[in-house]
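Reader: I would like to go through this model with you, one question at a time. Please keep the answers short and end each on what I asked for.

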Amino acid sequence: MQEQIDQLRAMPVPPRQLFIDGRHEPASSGAVLDVVSPINGTVLTTIADGAAADIDRAVAVARRAFEVDGWSRAAPAMRKKVLLKFAELIEKHALELAVLGVRDNGTEISMALKAEPGSAAGTFRYYAEAIDKVYGEIAPTADNVLGLVHREPLGVVGVIVPWNFPLMIGAWKIAPALAAGNTVVVKPPEAASLALLRLAELASEAGLPDGVLNVVTGRGAVAGEALGLHMDVDVLAFTGSGATGRRLLEYAARSNLKRIYLELGGKSPNIVFADAPDLDQAAKVSASGIFRNSGQVCVAGSRLLVQSSVYDSFMDALLSVTGKLKVGDPLDVASDIGAVASAEQLEKNLGFVETAEREGAERLAGGGRLLAETGGSYMAPTVFAGVTPDMTLAREEVFGPVLAVSRFETEEEAVKLANSTVYGLASAVWTSNLSTAHRMVRAIRAGVVHVNTYGGADITVPLGGFKQSGFGRDKSLHALAEYSDLKTAWIAL
Ligand code: NAD
């Protein structure tokens, strides 16, 4: 596989244009943005710097594809066939998509392959299969009427995603939106647009009608804002930071009250009780739960809470695993951890390290930049102990490879610490006691509570946040409800 990866990485990436109505076109201003690879800091290619006029064009095309061309009314069997073919093409081009994405955002290739094209293909297949299996309802009315409850698509769906897993997260929104019969305009992240552009080309190749899926690259504050403010966008599905999420709610209020779904950040607690079934395994999984993709994972277990009686032995195991992680070229299959997505993100991470030290946390591992000679953005897996709830590291999302460790004595204290942030995205509990596990599942305010593992959930279960981690759910059949609405037909007989 390494040989194929090396061949793909050597291929030049031509300048990429917008993808609207099944065609490539430049931004109407002609402006472009450089795409800088975090692997070595060089300019990989350019993308079109789309703006309001381009968003207007894409939304108009998507509206036409929805209403006039009739994607919303296309036979379910036809929509299913196209989306299944799309999934097949994503699988066929998996390595190409993964390598392109990694050149753009630096995720280690082993993870990128599974999480990006691998997961995107599975997601399109799952929602394709659902198209002809989700039914409307007949209400239990009196005999002289018939009450039918239809599910209808909403119209044009805007999708805005972050740079950590653009294909996976993009698919979680695009697939149910298309399956429900909507058309879509995607605004990819500036720091990782290439794989999504390629995805849209594959959709066309699979037979998705022109205009059903459009991609407008560009800056968040320009193209993203235009999508958020657009009067003809019915839904905006977003994953990204809380700050941008707040802006989108304002845009909706200032424009057409479009529905907004927000999947925001997290500061997820990973709680190790003394009776965890296998502390070494817990240490290994906990390290990967925070350090994979350089910690740029919304559900990362960034707060480790360890029961005092096993604290020392658990931390020895954790630091031993952490010390063995190989940070390096993300396109080398031997690397455990690749690059941080951009030089700016690396600076931000190092800022958190400085603050943690200033506030009195104890650095046990990492803390600095690595491989500076490559010109890329690499950071050592970093562990801070003695983190108290008032410290910045306990409260704010780093979105980098920085773990905050605290100890606790009792279950009650663990719950209090776990729920002590404004976030509520993910969590984990390690225990052999079934009752403890169930009590913790009920007590933790988060969209997912893992038990004796961290991560790894599949498309069949929903993902989303409590509290300031957002609202709305990606994945599972529940996500179809975000992209459709109920209509009643009340028929006198
Ligand atoms: P970000 O909010 O800066 O950017 C996300 C997207 O929003 C990008 O496409 C960006 O171009 C766009 N954007 C930026 N400003 C905008 C504006 N004013 N109007 C419209 N769009 C705008 O976030 P990021 O730094 O790319 O991603 C990191 C954040 O995403 C972290 O907080 C992380 O936790 C979160 N995240 C959450 C999940 C989840 O499922 N909950 C998954 C991955 C990442």
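Reader: Which helices and strands each supply at least two residues of the shell around the ligand?

Author: This is a predicted model, so the answer rests on predicted coordinates. Three elements each give the ligand shell at least two residues. They are α8 (220-229), β10 (235-239) and α9 (242-254).

Reader: Which residues come nearest to the ligand?

Author: The shell around the ligand holds 29 residues. Five of them come nearest. They are Lys-187, Glu-190, Ser-241, Leu-264 and Glu-397.

Reader: By class, how many residues of the shell around the ligand are nonpolar, polar and charged?

Author: Sort the shell by residue class. Charged residues number six, and polar residues eight. The nonpolar count is 15.

Reader: How far is an oxygen atom of the ligand from an N or O atom in the side chain of Glu-397?

Author: Glu-397 is among the residues that come nearest to the ligand. An N or O atom of the Glu-397 side chain faces a ligand oxygen atom at a distance of 2.5 Å.

Reader: How much of the ligand does the protein bury?

Author: Start from the ligand taken alone, which exposes 850 Å². Of that area, the protein buries 90%.

Reader: Which residue offers a backbone N or O atom to a nitrogen atom of the ligand?

Author: Two contacts involve a ligand nitrogen atom. In one, an N or O atom in the side chain of Tyr-251 is 3.0 Å away. In the other, the distance is 2.6 Å and the partner is a backbone N or O atom of Leu-264.

Reader: Is Lys-187 buried or exposed?

Author: Lys-187 sits in strand β8 (residues 183-187). Its relative accessible area is 2%. The cut-off for buried is under 20%. Lys-187 is therefore buried.

Reader: Which side chain makes a polar contact with the side chain of Lys-187?

Author: Take the backbone partner before the side chain. A polar atom of the Lys-187 side chain lies 3.0 Å from the backbone oxygen of Gly-218. The side-chain partner, at 3.4 Å, is Glu-190.

Reader: How many aromatic pairs does a search of the whole structure find?

Author: A pair of rings is described by the distance of the centres and the angle of the planes. The search covers the whole structure. The number of aromatic pairs found is five.

Reader: What kind of aromatic pair do Phe-86 and Phe-124 form?

Author: Their centres are 4.5 Å apart, with 50° between the planes. Phe-86 belongs to helix α3 (residues 76-92) and Phe-124 to helix α5 (residues 109-130), so the pair links parts of the chain 38 residues apart. Both Phe-86 and Phe-124 are buried. The pair is tilted.

Reader: Why is the pair of Tyr-261 and Tyr-483 edge-to-face?

Author: The two ring centres lie 6.3 Å apart. Tyr-261 is in strand β11 (residues 259-263), and Tyr-483 is in the loop between β23 (470-471) and β24 (484-492), 222 residues away. Both tyrosines are buried. The pair counts as edge-to-face because its planes meet at 70°, and the cut-off is over 60 degrees.

Reader: Which ring does Arg-407 lie over?

Author: Two arginines are placed over rings here. The charged end of Arg-79 sits over Trp-71, 6.0 Å from the ring centre. Arg-407 is 3.9 Å from the centre of its ring, and that ring belongs to Tyr-311.

Reader: What is the phi of Asn-293?

Author: Most residues other than glycine have a negative phi. Asn-293 is not a glycine, yet its phi is positive. It lies in the loop between α10 (279-291) and β13 (303-307), and it is buried at 0% relative accessibility. The phi of Asn-293 is about 45°.

Reader: Where does Ser-476 lie?

Author: Ser-476 also has a positive phi, of about 70°, without being a glycine. It is buried, with a relative accessible area of 1%. Its place is the loop between β23 and β24.

Reader: How far apart are the C-alpha atoms of Thr-374 and Gly-41?

Author: Thr-374 is in the loop between β15 (369-370) and β16 (378-379). It is partly exposed, at 34% relative accessibility. Along the chain, Thr-374 and Gly-41 are 333 residues apart. Their C-alpha atoms are separated by 7.9 Å.

Terms used
Residues numbered from 1 in each chain as written. Predicted model: local features only at pLDDT ≥ 70, side-chain atom pairs only at ≥ 80, totals over all residues. Heavy atoms only, no water. Phe/Tyr/Trp six-rings, centres within 6.5 Å; stacked < 30°, edge-to-face > 60°. Helix = DSSP H or I, 4+ residues; strand = E, 2+ residues; numbered from the N terminus. Buried < 20%, exposed > 50% of the residue type's maximum accessible area, 1.4 Å probe, protein only. Lys NZ or Arg CZ within 6 Å of the ring centre and 35° of its normal. Near = heavy atom within 4 Å. Polar contact = N/O pair within 3.5 Å; in protein donor to acceptor, adjacent residues only side chain to side chain. Areas by Shrake-Rupley, 256 points an atom, 1.4 Å probe, with all protein chains shown as cover. Nonpolar A, V, L, I, M, F, W, Y, C, P; charged D, E, K, R; others polar.
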